[in-house]
Amino acid sequence: MPSGENKSDRSAWLGLIFHLLVVLALSSCATTPWTSLVEGEPKNVVETSYMSFISSQDVCRPGWDAEVEIRWTSSVRNFSVSGYCRMLAPAYLKFIASNPLGQPIRIIATNGKVYRDIDTVERSAVTGELRSWAEYHDLPLNLVSRTWVDWLGGRSSSPVDKIAEIRLDSKNRGAWLSMAGADSEAIEEYILFDWENGKIIERILLDESDQRFATLAYLEWQESDQCLYPVALSIDGFSFGGKVDLRFTDIRQSGFEPVDFNVDIPVGFKRTWLP
């Protein structure tokens, strides 16, 4: 924490960092990282490996939790926060940031449609729809309907028949899969897939205007009960520069239920509803 900041400053930055994480509201104009089209037998090899990767996810529980450190770096300011997070596919997430004494200072939870943000420093709580939050902050609306827990977990819910085309990576790290949406032929994301080791290396996310708004890179992995989880993840592509780095520790598969993501507002807190 930079010196000279008070508790309100800390809480405000916690909210900024977490919302950047949750909605991944980034933009990018980076050059295309793929080259020639993969066809014929090489294409079959990549598709077969991808199908095996999808099947391997069946051994993973849909829920997991971990300790997480989030670092925001930019030419203007650096910031970091640590806390506890839990996730449940397709879009449940809860994050609790605590002070050095272990007392929670920020609790944010969502089921993928509605979120609740409790600030214990300001004694306030905001509840609202993610779609409204995205509109209010001028963010891509299709974010709220995506399986973004897959993004944090290095997984994919898209079947092989949603691969529109396959191209080689310009740095020979694998193959780029152009993934169409569940209910359309429009490309929603590009996945850099390591077909030799059966895991995702990077993914580029697109908004509803087919513009790139986030690039996620999975830097390190950990196996837990035969299931792979990313332990180091970077998110960049900010139009104004900067990057978010996440490091997960003590990753555990868990049998969470949706009710485990409910957050009650303490008595006496100011309540705000964002319709």
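The following questions and answers concern a predicted model of a single protein chain.

Reader: How many helices and how many strands are there in the chain?
Author: The chain has 275 residues, of which 51% count as buried. Its secondary structure consists of four helices and 15 strands.

Reader: Which cysteines does the disulfide join?
Author: A disulfide is a covalent bond between the sulfur atoms of two cysteines. A search of the whole structure finds one such pair. Its sulfur atoms lie 1.8 Å apart, within the 2.5 Å limit, and the residues joined are C60 and C227.

Reader: How many residues apart are C60 and C227, and in which parts of the chain do they lie?
Author: C60 is in the loop between helix 2 (40-56) and strand 2 (63-73), whereas C227 belongs to strand 13 (residues 227-236). The pair therefore links distant parts of the chain, and the separation is 167 residues.

Reader: Is the disulfide of C60 and C227 right-handed or left-handed?
Author: The handedness follows from the torsion about the S-S bond. For C60 and C227 this torsion is about 105°, so the disulfide is right-handed.

Reader: Is V45 buried, partly exposed or exposed?
Author: V45 is found in helix 2. Buried means under 20% relative accessible area and exposed means over 50%. V45 has 39% relative accessibility, so V45 counts as partly exposed.

Reader: How far apart in space are V45 and W195, C-alpha to C-alpha?
Author: In sequence, V45 and W195 are 150 residues apart. In space, their C-alpha to C-alpha distance is 8.0 Å.

Reader: Are the rings of Y218 and W221 stacked, tilted or edge-to-face?
Author: The structure holds nine aromatic pairs, and Y218 with W221 is one of them. Planes under 30 degrees apart count as stacked and those over 60 as edge-to-face. The ring centres of Y218 and W221 are 5.6 Å apart and the planes are at 40°, so the pair is tilted.

Reader: What kind of pair do the rings of F256 and F261 form?
Author: F256 counts as buried at 13% relative accessibility, and F261 counts as buried at 5%. Their ring centres are 5.8 Å apart. Because their planes are at 75°, the pair is edge-to-face.

Reader: Which residues of the largest nonpolar core touch the most other members?
Author: This core has 46 residues. One of those that touch the most other members is F193, which also touches residues including V46, Y50, F53 and I200. The full list is M87, L177, F193, L216, L246 and F248.

Key
Residues are numbered from 1 along each chain as its sequence is written. This is a predicted model: local features need pLDDT of at least 70, side-chain atom pairs count only at pLDDT 80 or more; totals for chains, interfaces and linings use all residues. Side-chain values use heavy atoms; hydrogens and water are left out. A nonpolar core is a set of buried Ala, Val, Leu, Ile, Met, Phe, Trp, Tyr and Cys residues joined through side-chain atoms within 4.5 Å. Buried means under 20% relative accessible area, exposed over 50%, partly exposed in between (1.4 Å probe, protein chains only). Contact means heavy atoms within 4.5 Å. Helices (H or I, at least four residues) and strands (E, at least two) are DSSP runs, numbered from the N terminus. Rings of Phe, Tyr and Trp (its six-membered ring) pair if their centres lie within 6.5 Å; planes under 30 degrees apart count as stacked, over 60 as edge-to-face and the rest as tilted. Lists of a residue's contacts leave out its neighbours within four places in sequence.
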